[in-house]
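Let's take a friendly look at how charged side chains pair up in a protein. Have the sequence and the 3D view ready, and follow along residue by residue.

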Amino acid sequence: MSQRHLPPPRTVPTAGTGQPAGVGRAAGAGQAARTGGRPVLGFAARTAVGVADRAITAAAARAGAPGGLRFTERQLYYETCRVLSPGSTLLRGRVPGTPAPVLRLPVFTRALEARGRETVPGLLPPLPEPVARVEPAPSREPSERSESSESSRSSEPDLYDYGLPRLLMCQDRSIAGMLLANHVHLEAACPVFAATDALPLDPRLLAALQRTEGATVYVLHDASPAGLAFPALVRAGLGPVPGVRVVSLGLVPRHAAALRLPTGRGRAPGPADRAALPAALRPREADWLAEGRFAEVAAVPPDRLLRTVLRLTRGPRPPRDSLWSGLRGLRGTGFMTWPAA
């Protein structure tokens, strides 16, 4: 398997052992009984898991800095790759490129399971599966409305009566959970949603966006054909809402190259996927995507991701007052200041 291929973590039995199914299960059960239920690994596998375990310890400290940030398992994997490849970090911003991950994802998963996910400070637990939203059936009479619908409307009746200037939509549910766990929605005054949980958007949220002039829906997505088509999907999910902008925060392939993010290689996009790519892409970026390459938002270091999202969603900060500007302001107030003459 190519090292650029990054399948999602999964635990499946290994096929092709050359033994009948019953014999393989019996041998596996006997080995598990002798080792206390843990799978038996060869010397090379044990060495790789040991190296990955020490790298995970250093990567968790780096991913949580500064101030004890929370991060996902995928972000910890990419940070572990950076620990094992320090040259990639040194070359970031100087020599653009998209290196392959130096650590296979299954090796990282085995090392993390061996040490225990709960022993890694700052690591967020896996998110539960999304719950399908069931829209209440339209009723002919007001008295036929369900009690749950009435209670949800009456709990905070003025919650959706205000204008909403901005909203952040994430392609990855785990990234949305990470931003919420680090209180980005509070610091940026910007609600954070995952597309699988929020689309189609609640009509009350749409109305709140329309109440604010220049309201913006920010979109955070991967550098992949599906990710680059995601803003258009969000735009279609919003429906006809005049005055509401949809702005992409990235990633795009040139971001991945500038940050030297580890990238994977999957199935090459078909003609329909290539036709759906944004016209603003550079030819080199389109060729990069045509090779089946992709870069995930999770590959961005957690602290940098938080700073970028905060900077882009809450807008420019007002200029800080210096000592001299403060003294000039006091002089202009006319109260206990220097005389003008």
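## Arg117 and its partners

Start with Arg117 and Glu73: their side chains form a salt bridge, with N and O 3.0 Å apart. This pair connects distant parts of the chain, 44 residues apart. Arg117 sits in the loop between α5 (105-115) and α6 (147-155), while Glu73 belongs to helix α3 (residues 73-84). Keep in mind as you read that this is a predicted model.

Are these two residues buried or exposed? Glu73 is buried, because its relative accessibility of 18% is under the 20% cut-off. Arg117 comes out as partly exposed, at 28%. Arg117 also meets the side chain of Glu113 in a salt bridge, this time at 4.0 Å from N to O. Glu113 is partly exposed too, with a relative accessibility of 40%.

## A bridge between two helices

Now move along to Glu285, which makes a salt bridge with Arg254; the closest N and O atoms are 2.8 Å apart. Glu285 is in helix α15 (residues 283-290) and Arg254 is in helix α13 (residues 253-259), so this salt bridge ties together parts that lie 31 residues apart in sequence.

How much of each partner can be reached from outside? Glu285 has a relative accessibility of just 4%, so Glu285 counts as buried. Arg254 is at 34%, which means Arg254 counts as partly exposed.

## The wider picture

There's also a little group to look for: Arg62, Glu79 and Arg82 are joined into one network by salt bridges that share partners. How many salt bridges are there by this rule? The count comes to 14. And why would such pairs turn up at all? Side chains of opposite charge can pair when their charged atoms come close.

## One more arginine

Finally, find Arg293, which is placed in strand β6 (residues 293-294). Which side chain does the side chain of Arg293 touch in a polar contact? That partner is the side chain of Glu291, at 3.4 Å.

Arg293 has a relative accessible area of 17%, so Arg293 is buried.

How values were computed
Residues numbered from 1 in each chain as written. Predicted model: local features only at pLDDT ≥ 70, side-chain atom pairs only at ≥ 80, totals over all residues. Heavy atoms only, no water. Helix = DSSP H or I, 4+ residues; strand = E, 2+ residues; numbered from the N terminus. Buried < 20%, exposed > 50% of the residue type's maximum accessible area, 1.4 Å probe, protein only. Polar contact = N/O pair within 3.5 Å; in protein donor to acceptor, adjacent residues only side chain to side chain.
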